[in-house]
Amino acid sequence: MKRILACLATACTLATSGASAQAPATPDPIGDLIAGVSGPSSDSSGDWKLVASLYHGGRGMNGHDSLGCRVSPMRTVAADRNLVASHSIIFIKETVGLPMPDGGVHDGYWYVSDIGGAIRGQRIDLFTGHNAASMRPLMALNMKSLTVSKVGDFTGCPPIDGGEGHLADLAH
């Protein structure tokens, strides 16, 4: 059901914003429906409005997160562990429909597997890819207020390609 709703949200986003990956300027009832279905698990603190920043793998960045796993473009998140625990799967409503490096579209799911020196409190840092150009699809988002919900936990390392079955570890 989540995949069907994510596909509908993607179609709605593409229809309202053309071929660009910009967030729709109008209300997003399908995205709200997805957030409701995918919403926080019973052990979650609910939805957050978080400030986000972006990072990429250029300039000699270590290609591993704080868990020792390879960072995954458009999936890895650095967060303050006092706000969101490591190994959390989060849903970021505004990222549904963004282009993925493999040519697919983003379903809104991200994996908290990293920390950052400047990531304290109500902030997250989204890993976009291996160079500055990878940040382009997210530039249209309002980085001062992303809607974030914890939807589960994962074991091991986050998926690298974000392909089929990447939510297999989702545990409510």
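How many helices and strands does the secondary structure of the chain come to? In this predicted model, the tally is 2 helices and 6 strands. Read from the N terminus on, these elements follow the order α-α-β-β-β-β-β-β. A newcomer walking along the chain therefore meets both helices before any strand, since helices and strands are numbered from the N terminus.

A few overall values help to set the scene. The chain holds 172 residues, and buried residues make up 48% of them. Its accessible surface comes to about 8200 Å², with 57% of that area belonging to carbon and sulfur atoms. Contacts were also sorted by how far apart the partners lie in sequence. Among those between residues at least 6 apart, 78% join residues at least 24 apart.

Charged side chains come next. Side chains of opposite charge can pair when their charged atoms come close. In this model, the count comes to 2 salt bridges. One of them joins the side chains of Asp107 and Arg75, with a distance of 2.8 Å from N to O. This pair links distant parts of the chain, its members being 32 residues apart. Asp107 sits in the loop between β3 (88–92) and β4 (109–114), while Arg75 belongs to the loop between β1 (47–56) and β2 (76–79). Both residues of the pair, Asp107 and Arg75, are buried.

The side chains of Asp153 and Lys150 also meet in a salt bridge, here at 3.0 Å from N to O. Are these two partners buried or partly exposed? Lys150 has a relative accessible area of 12%, so this residue is buried, the cut-off being under 20%. Asp153 counts as partly exposed because its relative accessibility is 26%, which lies between the limits of 20% and 50%.

The loop between β1 and β2 deserves a second visit, as Pro73 has its place there. Arg75 of the first-described salt bridge lies in this loop too. Pro73 has a relative accessible area of 12% and is therefore buried. Which residues does Pro73 touch, leaving aside those up to four places away in sequence? The list consists of Met100, Pro101, Phe127, Thr128, Gly129, His130 and Ile160. With Ile160, the separation along the chain is 87 residues, yet the C-alpha atoms of Pro73 and Ile160 are 7.2 Å apart in space. The loop between β1 and β2 thus offers two views of distant parts of the chain being brought together: Arg75 through its salt bridge with Asp107, and Pro73 through its contact with Ile160.

How values were computed: Residues numbered from 1 in each chain as written. Predicted model: local features only at pLDDT ≥ 70, side-chain atom pairs only at ≥ 80, totals over all residues. Heavy atoms only, no water. Salt bridge = Lys/Arg side-chain N within 4 Å of Asp/Glu carboxyl O. Helix = DSSP H or I, 4+ residues; strand = E, 2+ residues; numbered from the N terminus. Buried < 20%, exposed > 50% of the residue type's maximum accessible area, 1.4 Å probe, protein only. Contact = heavy atoms within 4.5 Å. Areas by Shrake-Rupley, 256 points an atom, 1.4 Å probe, with all protein chains shown as cover.
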